[in-house]
Amino acid sequence: MIKHDSYRYLTHGNKIKDQLQNGINFFETGRSHFTKYLPPRIAAAYYYFFNLNLFDETGEKKINLGIHTPYLVLQSIFYFFSVSMLYLSVSKVFNRRISFYIILFLSLEPTINQYHSSFWSESFLFSFTIILIALIIKPNPNVRHFFLVGFFLAVLSLQKEYMIFYIIPVIIYYLFTLKDQRLKNITVLLLGFIIIQSILGFNNLKRSGEFYILSSTTKITLHTHLAKQVISEVQNLDNNEFFDNEGKIVLEWITKNSIPYNQNSKGLKVRKSLGEYRSSITKEKDLVRLDNYITSRTFNYMLQYPFDFTKHILKKSIHITLLNPLHIYSDNKYASGEFYYNSPEHDKIVNYRIFYTLAVYLVCLFGLISMFKKKNYKILSFLTISILCFYLPVSWIGNTRNYVPCLLFISFFFAFGVDRIHVFTEEIKKNKIL
């Protein structure tokens with residue numbers, strides 16, 4: 001269970017815990033801000049509070065689940081606490097039946113709930129998102145609510161790095177829906193957002209000497225995942241040839257800009273790939289400069305091959321919408337997704353996933369029609385922009401796990417759809433429809 005990204009979060013958290021116990025100031029703890037900021041610090045808080053270690057005396061990873069059982073239980077409790085908060089809001093906006101169906105979907109839908117039994121970052125991400133939804137749709141918000149909205153928008157971006165841009169459509173939503181004190185309330189929202197982002201920036205400043213808030217993955221993932229696949233196909237490159245070619249270009253950039261980096265030590269293989277040169281850079285502020293350069297190369301590739309990038313993105317964007325209630329099953333069973341996708345089990349399971357996905361979306365379609373008929377335009381606009389904000393930044397990856405947060409908003413469409421089906425069946429029983 002503890003592998004890949006989960007392993008990165010927990011080992012980072014274990015390191016932060018050790019640093020805190022050794023008296024290091026919180027703002028000087030941690031590694032370079034490569035990916036999500038909050039997951040390793042949640043893990044650090046857990047290890048610190050319960051005085052636990054991820055590794056034993058020999059440096060080996062502890063495989064006894066007992067030390068992590070409370071972690072999984074706590075994230076589940078927090079999730080259902082957030083669902084309870086949402087009920088308090090939706091029950092003041094919708095009728096009891098629709099409110100019940102929303103909560104029922106969030107409480108039982110397997111694609112969502114499977115992540116509570118894993119160490120992926122999604123479980124806490126779902127909880128923060130649900131709390132944010134509860135705050136935004138709550139009727140008659142006051143100034144305190146807008147501060148909390150800004151606060152949780154920032155927290156959400158620390159849990160999932162690309163969500164830092166979610167604040168823009170939320171502000172646009174408020175500009176069109178608020179009737180009074182728009183400037184005051186949005187200013188308070190921005191204040192809550194800036195305070196939390198400042199903690200991240202100050203942490204990076206104290207540790208690296210550079211104030212920044214965007215993670216490395218926010219800048220380079222398009223290059224390492226999207227550009228790599230498209231350019232490798234267009235130029236007919238082998239699996240690692242793209243990164244080797246990029247490594248030569250990065251070395252030229254490092255040399256041209258006099259960037260200090262670790263030279264090869266005796267016994268180490270010859271360094272040649274982009275990732276190897278990137279990891280050799282000694283100063284974090286130079287890594288920030290390199291990541292910005294890699295970003296510019298990505299956009300240059302996209303301008304050079306617009307058709308190929310568009311075709312690839314469309315294909316992945318369709319695939320990502322396929323629901324996968326069995327992700328944790330395959331993730332725990334197989335060493336990596338590559339082994340699972342090439343296994344006969346994947347082909348067997350995918351037919352059930354397609355049926356389940358179509359069934360959920362069909363009910364949601366009824367819900368969408370019902371919301372239009374009931375003229376729920378305000379909540380409909382919020383749900384639509386939210387789904388797009390969670391979907392568009394990651395749709396090109398094609399990994400269905402990244403699509404799951406959209407289900408939190410889709411739950412509203414599902415609830416309206418079930419309610420519409422319920423009303424329809426009641427009308428049939430009363431012989432109003434033949």
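In this predicted model, Leu-106 has plenty of company: leaving aside residues up to four places away in sequence, Leu-106 touches Tyr-79, Val-83, Leu-86, Ile-112, Asn-113, Ile-130, Leu-408 and Ser-411. Leu-106 is also one of the residues with the most contacts inside the largest nonpolar core, a group that takes in Leu-86, Ile-102, Tyr-166, Tyr-174 and Phe-382 as well. That core runs to 92 residues, and its largest share, 12 residues, comes from helix 6. Apart from this core there is a second, separate one of 22 residues, with Val-230, Ile-281, Phe-309 and Trp-396 among its members. As a rule, nonpolar side chains in soluble globular proteins tend to be buried together.

Stepping back to the whole chain, the fold has 19 helices and zero strands. The radius of gyration comes out at 24 Å, close to the 22 Å given by the globule rule for 434 residues, so the chain is as compact as a globular protein of that length. Along the principal axes, the C-alpha atoms fill a box of roughly 85 × 50 × 45 Å. Of the 434 residues, 51% are buried. Sequence-distant pairings also show up in the contacts: taking those between residues at least 6 apart in sequence, 73% join residues at least 24 apart.

Out on the surface, Asn-51 sits in the loop between helix 2 (38-50) and helix 3. Its relative accessibility is 55%, and since the cut-off for exposed is over 50%, Asn-51 counts as exposed. Asn-51 and Ile-369 are 318 residues apart along the chain, and their C-alpha atoms are separated by 53 Å.

Next comes the empty space. Rolling a probe the size of a water molecule over the atoms shows where such space is left. Searching the whole structure turns up four cavities of 30 Å³ or more. The largest has a volume of about 70 Å³ and a lining of 14 residues, with His-33, Ser-157, Glu-161, Leu-200 and Ile-213 lying nearest its centre. Helix 7 (143-159) and helix 9 (182-208) are the elements that give two or more residues to this lining. By class, the lining of the largest cavity is a mix of six nonpolar, six polar and two charged residues.

The second largest cavity holds about 60 Å³ of space. Around it are Tyr-9, Leu-10, Pro-39, Tyr-71, Gln-75, Phe-119, Trp-120, Ser-121, Phe-124 and Gln-159. At least two of the lining residues come from helix 1 (4-21), and at least two from helix 3 (69-90). Here the lining has no charged residues, just seven nonpolar and three polar ones.

As for open space, the second largest pocket has a volume of about 510 Å³. It is lined by 24 residues, and the closest to its centre are Lys-138, Pro-139, Asn-140, Pro-141 and Lys-378. Four helices each supply at least two residues of this lining: helix 6 (122-137), helix 7, helix 8 (167-177) and helix 18 (377-391). Sorted by class, the residues lining the second largest pocket come to 13 nonpolar, six polar and five charged. Helix 6 thus turns up in two settings, in the lining of this pocket and in the largest nonpolar core.

Definitions and conventions:
Residues are numbered from 1 along each chain as its sequence is written. This is a predicted model: local features need pLDDT of at least 70, side-chain atom pairs count only at pLDDT 80 or more; totals for chains, interfaces and linings use all residues. Side-chain values use heavy atoms; hydrogens and water are left out. On a 1 Å grid over the protein atoms alone, a cavity is a set of points where a 1.4 Å probe fits but cannot get out, and a pocket is an open set with protein on both sides within 12 Å along at least five of seven lines; lining residues have an atom within 4 Å of a point. Grid points are joined across faces, edges and corners, and a volume is the space filled by probe spheres set on the points. Ala, Val, Leu, Ile, Met, Phe, Trp, Tyr, Cys and Pro count as nonpolar, Asp, Glu, Lys and Arg as charged, and the others, Gly among them, as polar. A nonpolar core is a set of buried Ala, Val, Leu, Ile, Met, Phe, Trp, Tyr and Cys residues joined through side-chain atoms within 4.5 Å. Buried means under 20% relative accessible area, exposed over 50%, partly exposed in between (1.4 Å probe, protein chains only). Contact means heavy atoms within 4.5 Å. The radius of gyration is taken over C-alpha atoms; the globule rule is 2.2 Å times the number of residues to the power 0.38.
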